[in-house]
Amino acid sequence: MATEATTASKFPESDLRPIPQPPDFHPAIVVPAQTNGLRFWQLMVAGSIAGSVEHMAMFPVDTVKTHMQALRSCPIKPIGIRQAFRSIIKTDGPSALYRGIWAMGLGAGPAHAVYFSFYEVSKKYLSGNNPNNSAAHAISGVFATVSSDAVFTPMDMVKQRLQIGNGTYKGVWDCIKRVMREEGFGAFYASYRTTVLMNAPFTAVHFATYEAVKRGLREISPEHVTGDEEEGWLIYATAGAAAGGLAAAVTTPLDVVKTQLQCQGVCGCDRFKSSSISDVFRTIVKKDGYRGLVRGWLPRMLFHAPAAAICWSTYEAAKSFFQDVNGDSNVA
């Protein structure tokens, strides 16, 4: 009894009661209702607009790059941007530069909606609100690209086949129906593994470079900053161009492999027995030497540098618009 009394005196009943929790308390991590003051759907809309504007504006350059990278059965000769451009214009006319643009439009919007929204949410959790955490930015970029590539890869395959098809397909839906009938559903994802292996390092370099360059420019160019969190459009464009150009340069070999897998069997392009990356690598090196692995590197950089500048500027502009809308709603 004495022991019980002593215990009761050391631990009063009030001290043993459970700590009350708010009714909505839940320890699990959930997707935030808002990130950077924006709702999740607003991030998706901003990303969708940015991706569509980026790819539509730079589509002719992408067409030239695809023609340079496609591996044909005929003996391969060195070909530059000027020769590829002239060949397309001479053979099919200026409209050929935009063949496949509707497939790009159908894929780019949804894919970039997934891309940017996943990036923002991942960055919020992984960085711990530390703007200098480059590793978190890179990892978030990888998460974003794995998700968005699952959405974009089928339409990217259709787009590239139309770009080099030279009348092989009547349009987007004809290409989709014929590929499904002749090659099966798997053909739409034949390059998915290669695409992810290419875009994972591409996006890691891209986002880490973008955040680093943007941060550096804000520090050395305070005149472009109109507030604590708002940079000038020149900073967005410069950081985006630097990130896009660098990421494109280091991932060109895998982009060449991706093009081979997506265009196989179309207009004289080689067909591969499997989608093995190593098999495609060996075929390219055997037919064209190691230089074949960097075919199209210049138009790829010329595409991604301005495209990233356009994309990031548009994305940040859309975010600013939604932040203003949200601010007005809160005031009202």
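**View 1. Contacts along the chain and overall make-up of the predicted model.** In this predicted model, residues 24 or more positions apart account for 78% of those contacts in the protein that have a separation of 6 or more. The protein has 12 helices and 2 strands, and, read from the N terminus on, its elements run α-β-β-α-α-α-α-α-α-α-α-α-α-α. Of its 332 residues, 47% count as buried.

**View 2. Helix 2, residues 40-57.** This helix has 18 residues and reaches 26 Å from its first C-alpha to its last, which is close to the 26 Å expected at 1.5 Å a residue. Its buried residues are Gln42, Leu43, Ala46 and Gly47, together with Ala50, Gly51, Glu54 and His55.

**View 3. The packing of helix 3 against helix 10.** Helix 3 (residues 59-69) and helix 10 (residues 252-263) pack with their axes 9 Å apart and at an angle of about 80°, and because angles of 65 to 115 degrees count as roughly perpendicular, helix 3 is described as roughly perpendicular to helix 10. On the side of helix 3 the contact is made by Lys65, Thr66 and Gln69, while helix 10 contributes Asp255, Val256, Thr259, Gln260 and Cys263. Sorted by character, the residues of this contact divide into 2 nonpolar, 4 polar and 2 charged.

**View 4. The largest nonpolar core, with Trp312.** This core has 19 residues, and those with the most contacts inside it are Phe116, Tyr210, Trp312 and Tyr315. At least two residues of the core are supplied by each of helix 2, helix 5 (101-127), helix 8 (192-220), helix 9 (233-250) and helix 12 (297-331), and the largest share, 6 residues, comes from helix 12. Leaving aside its neighbours within four places in sequence, Trp312 is in contact with Phe116, Tyr119, His206, Phe207, Tyr210, Tyr236 and Gly240. Apart from this core lies another, of 16 residues, among them Cys175, Val179, Phe188 and Val266.

**View 5. Phe272 in the loop between helix 10 and helix 11.** Phe272 is found in the loop that lies between helix 10 and helix 11 (277-288), and with a relative accessible area of 12% it is buried, because buried means under 20%. Not counting residues up to four places away in sequence, Phe272 touches Gln260, Leu261, Gln264, Val280 and Thr283. Gln260 and Phe272 are 12 residues apart along the chain, and their C-alpha atoms are separated by 8.7 Å. Gln260 also appears in View 3, where it is one of the residues of helix 10 that make the contact with helix 3.

Note on methods
Residues numbered from 1 in each chain as written. Predicted model: local features only at pLDDT ≥ 70, side-chain atom pairs only at ≥ 80, totals over all residues. Heavy atoms only, no water. Helix = DSSP H or I, 4+ residues; strand = E, 2+ residues; numbered from the N terminus. Expected span 1.5 Å × (residues − 1). Buried < 20%, exposed > 50% of the residue type's maximum accessible area, 1.4 Å probe, protein only. Axes fitted to C-alpha atoms, helices over the stretch in contact; angles between N-to-C directions. Parallel < 35°, antiparallel > 145°, perpendicular 65-115°, else oblique. Contact = heavy atoms within 4.5 Å. Nonpolar A, V, L, I, M, F, W, Y, C, P; charged D, E, K, R; others polar. Core = buried A, V, L, I, M, F, W, Y, C linked by side-chain atoms within 4.5 Å.
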